[in-house]
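Let's take a walk through this protein together, one helix at a time. Keep the picture open while you read.

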Amino acid sequence: MPVALAFAVLELTGSVTDLGIVFAAQSVPLVVFVLIGGVWGDRLPRQRVMLASDGVRALAQGLSAVLLVSGHAQIWEIAGLQAVYGTAEAFFEPAASSVVPQTVAPGTLQNANALLGASGNLAGVLGPALAGVLVATIGAGWGLAVDAATFIASAGFLSLMHVTPVVVAARTTTLTELRAGWRAFRSREWLWVTVLYFTLFSAFVFSPLQVLGPQVARISLGGPGAWAAISTALGLGALLGGLPGMRWRPRHPLRASFLVFLIGGPTLYALLAAHAPLPLILLAALIEGSSITLFNVFWITAIQREVSPEEQSRVSSWDYLGSLALQPVGLAISGPVAAAIGLSVTLYAAAALFVLLLIGALAVPTVRNYADDTRLPVPSAVELPPSW
């Protein structure tokens, strides 16, 4: 979808500013509705919430494809449909991240999350490659048509899934439950500091890559095929990153994954800024993709272990909101900033900010020293005071 949507917009107008607006239209509803999505993910069976979201997203992408293939698409129509897509995704993500503990034993959570990451990232390898072929041969609209079909397939698999019900306390008002989710979120410093890191990262580091990367590929790397290759390398790296996620159990998982981030991420941005040879960019993208998956495995597992089951969707929604809160701003301004100061300068600045944000996150002791206590031997039983 990112490859097909990016080149659909560029084919319509040739404007990176329009591309940023369309991506922002998809992201704004995520910010607006994700907290409500978290409440409903804790109220309703999460499987049903996910099925409804898949149906809406299939419709939004299918209509986008029809408009593009028929030759009648307007930017405002594509942006509106992507806003519908983003709204449905706001309900899917909190439920999806919270349903895993309902399917596997606590001791296998990290392995389960690594396997889920691997399956999703396999699609991340195949999807951009397929999109590149479709865009280069029959057009970006058909890439979005295939994307619509994947949500129908997803709903088919989800309908077969069996989950253990979560017993929750009596429900109150939506506002009360939102406040309860906020209290659970803010009570863990390592959690909200890391989310703050990703708020800034998504807006001012990752957004420039999304908006400007296709333009760099178009100008100096050979066009859509090059950007599809970079996206495929990111996906392949993400797939490979699931392997250490299944075996590696560091004592301080957040510290370890943040340090791994430093290896590939800033290098990828700098190489794009320098219009380096494509093979070097692909190598950096491979490393960056691996580090992203490794972090996600450790991060999601930490939330699932530390937060009670009846609150996980709401806490996950605060996590998701924080990660996306400023992303629409970053997507909208990346094009104008690059037009003002240049593509390369903007990407170099993103690389520098990447490093500074990592240093800031690791400077917080609760993040740096967050420990995976499941690695420790289980202590022998002791008699606790009655007040405990």
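Start with helix α3 (residues 46-70) and helix α6 (residues 140-158), which pack at an angle of about 160° with their axes 8 Å apart. Keep in mind that what you're looking at is a predicted model. Why quote an angle and a distance? Two packed helices are described by the angle between their axes and the distance between the axes. An angle over 145° counts as roughly antiparallel, so α3 and α6 are roughly antiparallel to each other. The crossing of α3 past α6 is left-handed.

Now zoom in on where these two helices touch. On the α3 side you'll find, among others, Q47, M50, L51, D54, R57 and A58, and on the α6 side the list includes G141, W142, L144, A145 and D147. Sorted by class, the contact of α3 with α6 has 14 nonpolar, six polar and three charged residues. If you look at the residue numbers in a contact like this, it helps to know that an α-helix has 3.6 residues a turn, so residues three or four places apart point the same way.

Next, swing over to helix α4 (residues 75-99), whose axis comes within 6 Å of the axis of helix α2 (residues 16-43), with a crossing at roughly 30°. That makes α2 and α4 roughly parallel to each other. This time the crossing is right-handed. Among the α2 residues in the contact are D18, V22, A25, P29 and F33, while α4 brings residues including I75, I78, Q82, Y85 and E89. The contact of α2 with α4 divides into 16 nonpolar, six polar and two charged residues.

Stay with α4, because helix α1 (residues 2-13) packs against α4 too, at an angle of about 160° and with the axes 11 Å apart. So α1 is roughly antiparallel to α4. Their crossing is left-handed. Here L5, V9, L12 and T13 of α1 meet I75, I78 and Q82 of α4. By class, that gives five nonpolar, two polar and no charged residues.

One last stop: helix α10 (residues 253-273). Its 21 residues reach 31 Å from the first C-alpha to the last, close to the 30 Å expected at 1.5 Å a residue. Where does α10 bend? The spot is L262, where α10 bends by about 35°, and a proline, P266, follows within four residues. After α10 comes H275, with a positive phi near 55°.

Key: Residues are numbered from 1 along each chain as its sequence is written. This is a predicted model: local features need pLDDT of at least 70, side-chain atom pairs count only at pLDDT 80 or more; totals for chains, interfaces and linings use all residues. Side-chain values use heavy atoms; hydrogens and water are left out. Axes are lines fitted to C-alpha atoms, for helices over the stretch in contact, and angles run from 0 to 180 degrees between N-to-C directions. Angles under 35 degrees count as roughly parallel, over 145 as roughly antiparallel, 65 to 115 as roughly perpendicular and the rest as oblique. A crossing is left-handed if the near helix is turned anticlockwise from the far one by less than a right angle, and right-handed if clockwise. Contact means heavy atoms within 4.5 Å. Ala, Val, Leu, Ile, Met, Phe, Trp, Tyr, Cys and Pro count as nonpolar, Asp, Glu, Lys and Arg as charged, and the others, Gly among them, as polar. The expected span of a helix is 1.5 Å times one less than its number of residues. The bend at a residue is the angle between axes fitted to the seven residues ending there and the seven starting there.
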